[in-house]
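Open the model in your viewer and show it as a cartoon, with side chains ready to be switched on. The tour goes from one selection to the next.

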Amino acid sequence: MDILDAIGNTSIVRLRKVVPPGCADILVKLEWENPTGSMKDRMARAAIARAEEDGRLKPGDTVVEYTGGSTGTALALVCAAKGYRIQIVTSDAFSQEKRDHMAALGAELTLVPSEGGLSTKKLFQDMIEAARKLSQEPHTYWIDQLSNQDSIAGYYSLGEEIWSQTKGEIDAFVHSAGTAASSRGVATVLKRYKPSIEIVIVEPAESSVLSGGPAGAHRIEGIGIGRTPPLWDPTLVDGILPVRTEEAEDMARRLAREEALFAGTSSGANVVAAIRVAQRLGPRAKVVTLMVDSGLKYVSTDVYGLNGG
């Protein structure tokens, strides 16, 4: 057994205090139990393994990727475990903790400047272009997460775990979209077991492109890339809910103080949306969402830092 065997099989718990009366039960899966503290360990393991299997990634190659941090940290972990060099393109728009964590695991970082620390469509485009240039060097393998089908399969195990842990008693799965790989992977599995399960996708209200709105700047790290992700599959989606950055940050703080669940901003957005779904479905239903990553990745940000109260 090695560190990569520790990925997955995370706990699921019921929210007790932030859920209003008359709601469905809301269960949250604690994805911060993965080795780097986020669900992205699942996709990193799958993406590297599949590239090795078909020869796209060979011994001695360098892995290249653009990332807001959690994917890069997960890839750095897998590369450290397997002995690959890794070059990461990231930005000051994402927390210092994430950048430090990637570097600690041996990643070589290239920083792309943001507009005032905000996630914007232009920032993601600039990061992708920087990674593309790095990937043109010999003996490199570019993950290209936004277009990488391998990452979807990394989340099938997450869907299987949710189905098993709820004993099939699940009426809706609610989750925020970045690349859309995780929601698609989970939805594929859950819909196979029970086609009536509602799949509800969360996006930043300030950049609600999946709902038909304009791209905009927001502070919910890791989601809302300003365009429809290439891996997006609308046939698996039953609804889309926009959540404002302030709502997501406030819920993240409430989860820490009231539920003892220390999570990041996208987890806060997930719970805001899950409560809306739970209110609509009523007390006999069960809604599942994800604690995407640990609050330890955001201690220096406005969510938990001096400005976050």
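Start with two helices in this predicted model. Select α6 (residues 156-165) and α7 (residues 181-193): their axes come within 7 Å of each other and cross at roughly 45°. That angle makes α6 oblique to α7. The crossing in which α6 passes α7 is right-handed.

Now turn on the side chains at this contact. From α6, select Y156, L158, G159, E160, I162 and W163; from α7, select G185, V186, T188, V189, L190, R192 and Y193. These residues make the contact between the two helices.

Next, select strand β7, residues 172-176. Is this strand enclosed by the rest of the structure or not, and why? Five of its five residues are buried, so β7 is largely enclosed by the rest of the structure. In a regular strand, side chains alternate between the two faces of the sheet. Colour A172, V174 and S176 for one side of β7 and F173 and H175 for the other; both faces are covered, with each of these residues buried.

Add β8, residues 198-204, which pairs with β7 in the parallel sense over five bridges. One place to look is A172, whose bridge partner in β8 is E198. Follow the chain from β7 through α7 to β8: this β-α-β crossover is right-handed.

Finally, select β10, residues 286-291. Strands β7 and β10 run parallel and are joined by three bridges. Centre on V174 to find its bridge partner in β10, T289.

Terms used: Residues numbered from 1 in each chain as written. Predicted model: local features only at pLDDT ≥ 70, side-chain atom pairs only at ≥ 80, totals over all residues. Heavy atoms only, no water. Buried < 20%, exposed > 50% of the residue type's maximum accessible area, 1.4 Å probe, protein only. Helix = DSSP H or I, 4+ residues; strand = E, 2+ residues; numbered from the N terminus. Pairing = 2+ DSSP bridges. Right-handed = clockwise from strand over helix to strand, strands pointing away. Axes fitted to C-alpha atoms, helices over the stretch in contact; angles between N-to-C directions. Parallel < 35°, antiparallel > 145°, perpendicular 65-115°, else oblique. Left-handed = near helix turned anticlockwise from the far one by under 90°. Contact = heavy atoms within 4.5 Å.
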